Amino acid sequence: MTKSSDIIIEASNITRTFAEGGLKTEVIKGIDFTLSQNEKVAIIGSSGSGKTTLLQMLAGLDQPTSGKVSLHGQDFARMSESKRGKMRNEHMGFVYQFHFLLPELTALENAMLPLRVRRAAPGFAEAEAKEILDKVGLSSRIHHKPSELSGGERQRVAIARALITKPSCVLADEPTGNLDDHAAQQVFDLMLTLNEEMNTGLLVVTHDMKRAQQMDRQYQLVEGHFQNHDEA
Ligand SMILES: Nc1ncnc2c1ncn2[C@@H]1O[C@H](COP(=O)(O)OP(=O)(O)OP(=O)(O)O)[C@@H](O)[C@H]1O
Ligand SMILES: [Mg+2]
C-alpha cells in the first residue's frame, strides 16, 4: 500500500484541449495518475495519442485545461512561475528523445547544468558531475562535446544531467526512441538500475512494448483515456 507521503506526482482528472482556428481538440480527456517513490511506470500509446502532452502537464510545463497536478502535494497551478521552476529543478529530472544537450558544452558541463541553475558552487557541481558521469560509464568522455559522442553516449549524458540533482523522480519522453535496439536496451537498463539505486520514481513514455514491460505498471493512452495494463 502506498503512503500518501510517498506520492511524488499526482494528477486528478486532468484534461487538455487545444483550440486552433475555432477548432477544439480534446487530446487528454480525464486522467488520474500517481507516481510514487521508487516506482517505475510506463505510458505507451500510438503517435499522436497525447503522450507528450500528458507528460508536459505532469512536469508542470503545461497547464491542464481542467483538473489538477501536484508535485509533493503542492498544486502546480497555485505556484508562481519561479516557484514552479524551482520545484522542477529540485525534484524532477528530464530525459528526452533528442538529448537536448547544449552543443557548445562538454559532457561534464552539460551534466553540471542543473546544479549551476541553482547556483551551486562550481567545484561542487563539477565533482558531482564527475561522479554521476562515472556511474553512466562515461568517465573517459567527460571533455567530449555532444557532436563527439555516439547517440547512446549522448543519452547517457542526458541521464547523468537528469540525475545529478538527486531528484525524487525522472520523467523521460522516448528516451531510447532515437537509438538502435542494442544501444536502446543498454541505455534503458542503465536508467532502471540508476533509478533503483537512487530511489527515484521513473515515468517513461515509450512506443516500445518490450521496454514498457520492464516497468512496474503500464498505461496505454487511447483516445485521451488510460487503459490499465496491470492485469494484462
Ligand atoms: N501546442 C499544440 N497545439 C495544438 N495541438 C497540439 C499541440 N500539442 C499537441 N497537439 C496535438 O495533440 C495531439 C497529441 O500530441 P502529442 O505530441 O502529445 O502526441 P504523442 O503521443 O507524444 O505523439 P508521438 O508519439 O508522435 O510523440 C496531436 O494530435 C497534436 O497535434
Ligand atoms: Mg511525443
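This briefing describes a ligand site, a helix, a cavity, two pockets and a few single residues. The model is predicted. Helix H1, residues 51-58, recurs in several topics: six of its eight residues are buried, so the helix is largely enclosed by the rest of the structure. H1 also gives the most residues to the shell around ligand 1, and H1 is among the elements that line the largest cavity.

**Helix H1**

- The buried residues of H1 are Lys51, Thr53, Leu54, Leu55, Met57 and Leu58.
- Two of these, Lys51 and Thr53, also belong to the residues around ligand 1.
- Another of the buried residues, Leu55, is part of the lining of the largest cavity.
- After H1 comes Gly60, which has a positive phi near 75°.

**Surroundings of ligand 1**

- The shell around ligand 1 includes a run of residues made up of Ser46, Ser47, Gly48, Ser49, Gly50, Lys51, Thr52 and Thr53.
- Phe18, Glu20, Val27 and His207 are also in this shell.
- H1 and strand S1 (7-20) each supply at least two residues of the shell.
- The contribution of H1 is three residues, and no element gives more.
- Sorted by class, the shell has eight polar, two nonpolar and two charged residues.

**Contacts with ligand 1**

- A polar side-chain atom of Thr53 is 2.6 Å from an oxygen atom of ligand 1.
- For Gly48, a backbone N or O atom lies 2.8 Å from an oxygen atom of the ligand.
- For Ser49, a backbone N or O atom lies 3.3 Å from an oxygen atom of the ligand.
- On its own, ligand 1 has 640 Å² of accessible area, and the protein covers 58% of it.

**The cavity**

- Rolling a probe the size of a water molecule over the atoms shows where empty space is left.
- In this structure there is one cavity of 30 Å³ or more.
- The volume of the largest cavity is about 40 Å³.
- Its lining consists of Leu55, Gln56, Ala59, Leu61, Phe94, Val95, Tyr96 and Leu171.
- H1 and strand S6 (92-96) are the elements that give two or more residues to this lining.
- S6 has the largest share, with three residues.
- Seven of the lining residues are nonpolar, one is polar and none is charged.

**The largest pocket**

- The largest pocket holds about 390 Å³ of space.
- It is lined by 14 residues, and the closest to its centre are Asn89, Phe94, Tyr96, Pro114 and Arg161.
- Two of these, Phe94 and Tyr96, also line the largest cavity.
- Helix H2 (81-91), S6, helix H3 (107-117) and helix H5 each supply at least two residues of the pocket lining.
- S6 provides the largest share of this lining as well, here with four residues.
- The lining divides into nine nonpolar, three polar and two charged residues.

**The second largest pocket**

- The second largest pocket has a volume of about 180 Å³.
- Of the 14 residues that line it, Lys51, Thr52, Gln97, Asp173 and Glu174 lie nearest its centre.
- Lys51 and Thr52 are also found around ligand 1.
- By class, the lining of the second largest pocket has eight polar, three nonpolar and three charged residues.

**Positive phi outside glycine**

- His72 is not a glycine, yet its phi is positive, at about 50°.
- His72 sits in the loop between strand S4 (66-71) and strand S5 (74-75).
- Its relative accessibility is 31%, so His72 counts as partly exposed.
- Lys166 is not a glycine either, and has a positive phi of about 50°.
- The place of Lys166 is the loop between helix H5 (151-163) and strand S7 (169-173).
- Lys166 counts as exposed because its relative accessibility is 54%.

**Val136**

- Val136 belongs to the loop between helix H4 (122-135) and H5.
- With a relative accessible area of 1%, Val136 is buried, as the limit for that class is under 20%.
- Val136 and Arg156 are 20 residues apart along the chain, and their C-alpha atoms are separated by 5.9 Å.

Methods. Residues are numbered from 1 along each chain as its sequence is written. Chains are lettered from A and ligands numbered from 1 in the order in which they are written. This is a predicted model: local features need pLDDT of at least 70, side-chain atom pairs count only at pLDDT 80 or more; totals for chains, interfaces and linings use all residues. Side-chain values use heavy atoms; hydrogens and water are left out. Buried means under 20% relative accessible area, exposed over 50%, partly exposed in between (1.4 Å probe, protein chains only). A residue is near a molecule or strand if one of its heavy atoms lies within 4 Å of it. A polar contact is a pair of N or O atoms within 3.5 Å; within protein, one must be able to donate a hydrogen and the other to accept it, and residues adjacent in sequence count only if both atoms are side-chain atoms. Accessible areas come from the Shrake-Rupley method with a 1.4 Å probe; for residues, only the protein chains shown count as cover. Ala, Val, Leu, Ile, Met, Phe, Trp, Tyr, Cys and Pro count as nonpolar, Asp, Glu, Lys and Arg as charged, and the others, Gly among them, as polar. On a 1 Å grid over the protein atoms alone, a cavity is a set of points where a 1.4 Å probe fits but cannot get out, and a pocket is an open set with protein on both sides within 12 Å along at least five of seven lines; lining residues have an atom within 4 Å of a point. Grid points are joined across faces, edges and corners, and a volume is the space filled by probe spheres set on the points.
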